Amino acid sequence: MTRPARRAAALTLPLVAFTGVTFVIPLATMLVRSVHDPVVADALPDTLDRLRGWDGQSDPGEAAYAAAARELLRAREERTLGRVASRMNRVRSGLRSVVVRSARRLQDFPDGPWRAVMLDIDDDWGDPATWRAIRTAGDRFTARHYLNAADLQRLSDGSIARQPPDQRIYLPLLWRTLTVSLGITGLCLALGYPIAYLIAHAPPGRAGFLLGLVLLPFWTSLLVRTTSWIVLLQTQGVVNDLLVAVGLVADDGRIALVYNMTGTVVAMTHVLLPFMVLPVYSIMRAIPPQQMRAAASLGAGFPRAFLRVYWPQTLSGVGAGSLLVFILAIGYYITPALVGGQSGQLISNFIAYHMQTSLNWGLAGALGGILLACVAVLYLLFDRVGGLERMRLR
Amino acid sequence: MNMTAAEPGQRIGRIVHRTACALIFTFLMAPILVIVPLSFNAEPYFTFTEGMLRLDPDAWSLRWYRQILGDDAWRRAFANSLFIGVASTALATVLGTLAALGLSSPDMPARRLAMGLMISPMVTPLIISATGMFFFYSTLGLSQTHAGLILAHAALGTPFVVITVTAALSAFDTNLTRAAASLGAGPLQIFRRVQLPLIAPGVVSGALFAFATSFDEVVVVLFMAGEDQRTLPRQMWGGIREQISPAILAVATFLIVFAVLLLLTVDGLRRRAAAAGGR
């Protein structure tokens, strides 16, 4: 490397290191979490050791029972039992209560034989499926969360099958996220293109003012804008009042505009519209006005001149704006969480649900990994159309 | 007037376009404009009461503003937001400006890769950043601390600084640095006396973007903040989720005024930069 190159690289080094530690490593941590889960393996090492050579069908034997009894008791003392039980429960539902109850009752038995004791506590210990579930939950590295996130399941013979139709959650959710984002992108384009055109062809003073009107929502707190939409759209809100006042809607027939998908789409279109207007506007400004005049003088009417001369030149701006809006839309969390109700939730909201409520962090990580992969592909595409190079903030 | 403009088809087209634009601008501005008068509602409703429409002075009041100003939780939230915002902005601005100087050098190796890495916090969905940060910062003992939030917000703010300063530097005439060097100035002196004054507007706008990012950020805060780190957006989030009261609208109005000030400042800086760069 030449000396100026070393100097340039040295200047970027602090930020590269900073972003690496404060941002990239956290993302990597999340991805590791989605395939790596040592809780059960750490809590029941001996039990899992005993199950390693087991055929999965017969009785696992007294040694396995003894190890399980000892290690469940220890997990209970170390207060890790709850986490261990919830991991097992995700592999085989119902196992949580079996494990927790057994560990509590085991205290009353100072001595084995442990097989008899555990079968006495719960019949489920006689079922090989219970032990198979423990063995599966004991894998340190697992594709389970990704299978789960793709609505797949591993059958007891090890093959992979789709979940029954009524239990498929995440593929429809991903599909919904993508289609809703696509719809929002289309709306942003339909609304953003005409005003970008207006601003690009207005006299300078007015253009500055109109651009200010686009930028003000952009600078305004996202929570403020989302709150405004709740205020405007709720059944006793301003829009419904207006509709009732002009007689379009009966007072008892007010429309549910918020806390559903309508609310999500309206509020997100509003939030993301500036991200479409700005790149399209900056492309339009670079188009010499003489071109349209030349096309007109050659006999093309406005629609034809627009379609043949103007529109093609704005495509790179449209592409950059659309990709940006789409990228932001598929990862949106706050707006759907606040105005989406039950039906307007997107994939981000399920990640938050698994992080905060169900505490299934592995599944949250897997859903995050899938979303991240989608965004990464789109981001590369965005860079390809030159969006990254031309990215300007105003 | 040129000839084509006089064609009736085109005139109709223009009217349709103008009308559509008026409606779209209404859509853009309505939410922000409606919330301001409603914050002066004397009643705990989210719609204009008849009294408000008649401009009856009794229907308007400052009660929600008094309530917010008198509330310890809101004051603490504001102080937290300010502290975390300023600290993370300072960090982001220094790191981002240095990096932009490197990126703008024609000799920078692997520029695209470096740029892609530096911009990535801006395009990564916040929910993913927040999830990852929660996992990683918890293992370092940084979750539920101010330091953790400052680092997280600085990471989210740096892309804005990198972009604005890179843009400012692209308008920068490199002959100036060469001239300064030929007159015997060292790299540090060139930066301080020649480059910095000219790119200062870009640095300040980047800093304002970074500050606005931190000041408005709620997802990372939801995942990482404890009771002591509640910020303004976190406090609003609670208010919107639980029982939405017009007090929220008073805070919202304050934030709108804040946004207008930010917008005007950044716009002023841009004009100054344009005038200085002759572009």
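1. Two residues count as in contact if their C-beta atoms, placed from the backbone, lie within 7 Å. This is a predicted model, in which local features need pLDDT of at least 70, side-chain atom pairs count only at pLDDT 80 or more, and totals for chains, interfaces and linings use all residues. Residues are numbered from 1 along each chain as its sequence is written, while chains are lettered from A and ligands numbered from 1 in the order in which they are written.

2. Confidence. The predictor gives the complex an ipTM of 0.88 and a pTM of 0.89. For chain B, pLDDT (the predictor's confidence in each residue, from 0 to 100) averages 88, and 96% of the residues score at least 70. Residues 1-5 of chain B stay under 50, and the model has five contacts beyond four places in sequence for them. Where pLDDT is low, the predicted coordinates should not be read in detail.

3. Interface. In chain B, 78 residues are in contact with 75 residues of chain A. Helix α2 (residues 8-38) of chain B supplies the largest share of the side of chain B that touches chain A, at 16 residues. Helices here are DSSP runs of H or I with at least four residues, numbered from the N terminus. The side of chain B that touches chain A has 60 nonpolar, 15 polar and three charged residues. Nonpolar means Ala, Val, Leu, Ile, Met, Phe, Trp, Tyr, Cys and Pro; charged means Asp, Glu, Lys and Arg; the others, Gly among them, are polar.

4. A helix pair across the chains. The axes of helix α1 (residues 3-35) of chain A and helix α8 (residues 146-170) of chain B come within 10 Å and cross at roughly 125 degrees. Axes are lines fitted to C-alpha atoms, for helices over the stretch in contact, and angles run from 0 to 180 degrees between N-to-C directions. The angle therefore makes α1(A) oblique to α8(B); under 35 degrees would be roughly parallel, over 145 roughly antiparallel, 65 to 115 roughly perpendicular, and the rest is oblique. A:L15, A:T19, A:T22 and A:F23 meet B:L151, B:A152, B:A155 and B:T158. This contact has five nonpolar, three polar and no charged residues.

5. A helix pair within chain A. Helix α15 (residues 290-297) and helix α16 (residues 302-330) of chain A have axes that come within 10 Å and cross at roughly 140 degrees, so α15(A) is oblique to α16(A). From α15(A), A:Q291, A:M292, A:A295 and A:A296 meet A:A305, A:V309 and A:Y310 of α16(A). Six nonpolar, one polar and no charged residues form this contact.

Notes: Helices (H or I, at least four residues) and strands (E, at least two) are DSSP runs, numbered from the N terminus.
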